[in-house]
Amino acid sequence: MTHYLNGFVPDVECTTCNGHGEVCGVNPNRRSRFVGMDDLSPDDFTVECSDCAGHGWRPMTQDEMDDAAADAFSDMCEGEPPVSMDEMHQRAHREKMEARS
């Protein structure tokens, strides 16, 4: 996570690169000096992603944070209310007793 003023900004997977901080470039990397051009693979043409600085993850933008907060709020409003462990054990015991009878 990235520090952001008084809180944290969660990291999300970068959509620009391949998830490992690399994007396809035009020129081959240093390995091409030792290998013939016919033996190069597409991975030999990767360069560091400028959006995530080669990490594969980047901090969320303010718009993404607002969308995530709205999704979390709607999930909270539409979902089932939180259930405590005691209530889950009581429900499981009650269902077990009903199944036995």
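**A first look at a predicted chain**

Let me begin with the outside of the protein chain, whose accessible surface comes to about 8400 Å², with 53% of it belonging to carbon and sulfur atoms; accessible areas here come from the Shrake-Rupley method with a 1.4 Å probe, and for residues only the protein chains shown count as cover. What you have in front of you is a predicted model, in which local features need pLDDT of at least 70 and side-chain atom pairs count only at pLDDT 80 or more, while totals for chains, interfaces and linings use all residues. Residues are numbered from 1 along each chain as its sequence is written, and side-chain values use heavy atoms, with hydrogens and water left out.

How far does the confidence reach? The mean pLDDT, which is the predictor's confidence in each residue on a scale from 0 to 100, is 75 for the protein chain, and 67% of its residues reach 70 or more. Confidence is lowest in strand β1, residues 2-4, where the mean is 45, and highest in α2, where it is 88. Over residues 1-6 pLDDT stays under 50, and for this stretch the model has 12 contacts beyond four places in sequence, a contact meaning heavy atoms within 4.5 Å.

Now to the overall layout. The chain's secondary structure comes to 2 helices and 6 strands, where helices (H or I, at least four residues) and strands (E, at least two) are DSSP runs numbered from the N terminus. Along the sequence the pattern is β-β-β-β-β-β-α-α, so that the strands are read before the helices. Of the 101 residues, 15% count as buried; buried means under 20% relative accessible area, exposed means over 50%, and partly exposed lies in between, with a 1.4 Å probe and protein chains only. Among contacts between residues at least 6 apart in sequence, 57% join residues at least 24 apart.

Let me turn to the cysteines. How many disulfides does the structure hold? There are 0, a disulfide being a pair of cysteine sulfur atoms within 2.5 Å. C17, for instance, is in no disulfide, and the nearest cysteine sulfur, that of C52, is 3.8 Å away; C17 itself is buried, at a relative accessible area of 12%. Why does C49 form no such bond? The closest cysteine sulfur to that of C49 is again in C52, and because the separation is 3.8 Å, it is too far for a bond. C49 is also buried, with a relative accessibility of 2%.

Around these cysteines, two loops are worth following. T16 is found in the loop between β3 (11-13) and β4 (22-24), where it is partly exposed at 44% relative accessible area. Leaving aside residues up to four places away in sequence, T16 touches V23, C49 and D51, and the C-alpha atoms of T16 and D51, which are 35 residues apart along the chain, are separated by 7.1 Å. S50 lies in the loop between β5 (46-48) and β6 (57-59) and counts as exposed, at 70% relative accessibility; its C-alpha atom is 8.8 Å from that of V23, 27 residues away along the chain. A53 belongs to that loop between β5 and β6 as well, and its phi is near 60°, a positive value in a residue other than glycine. A53 is partly exposed, at 42%.

Where do charged side chains pair? A search of the whole structure finds 1 salt bridge, meaning a side-chain nitrogen of Lys or Arg within 4 Å of a carboxyl oxygen of Asp or Glu. The side chains that meet in it belong to R58 and E64, at 2.9 Å from N to O. R58 is buried, at 14%, whereas E64 is partly exposed, at 26%.

I will close with the helices. M65 lies in helix α1, residues 62-78, and its C-alpha is 8.5 Å from that of P10, although the two are 55 residues apart in sequence; M65 is partly exposed, at 24%. In helix α2, residues 85-100, we find M85, which is exposed at 51%. Together with V83 and M88, M85 makes a nonpolar surface patch of about 260 Å². Patches are made of residues with over 30% relative accessible area and no salt bridge, with like charges joined within 9 Å and nonpolar side chains (Val, Leu, Ile, Met, Phe, Trp, Tyr) joined within 5 Å.
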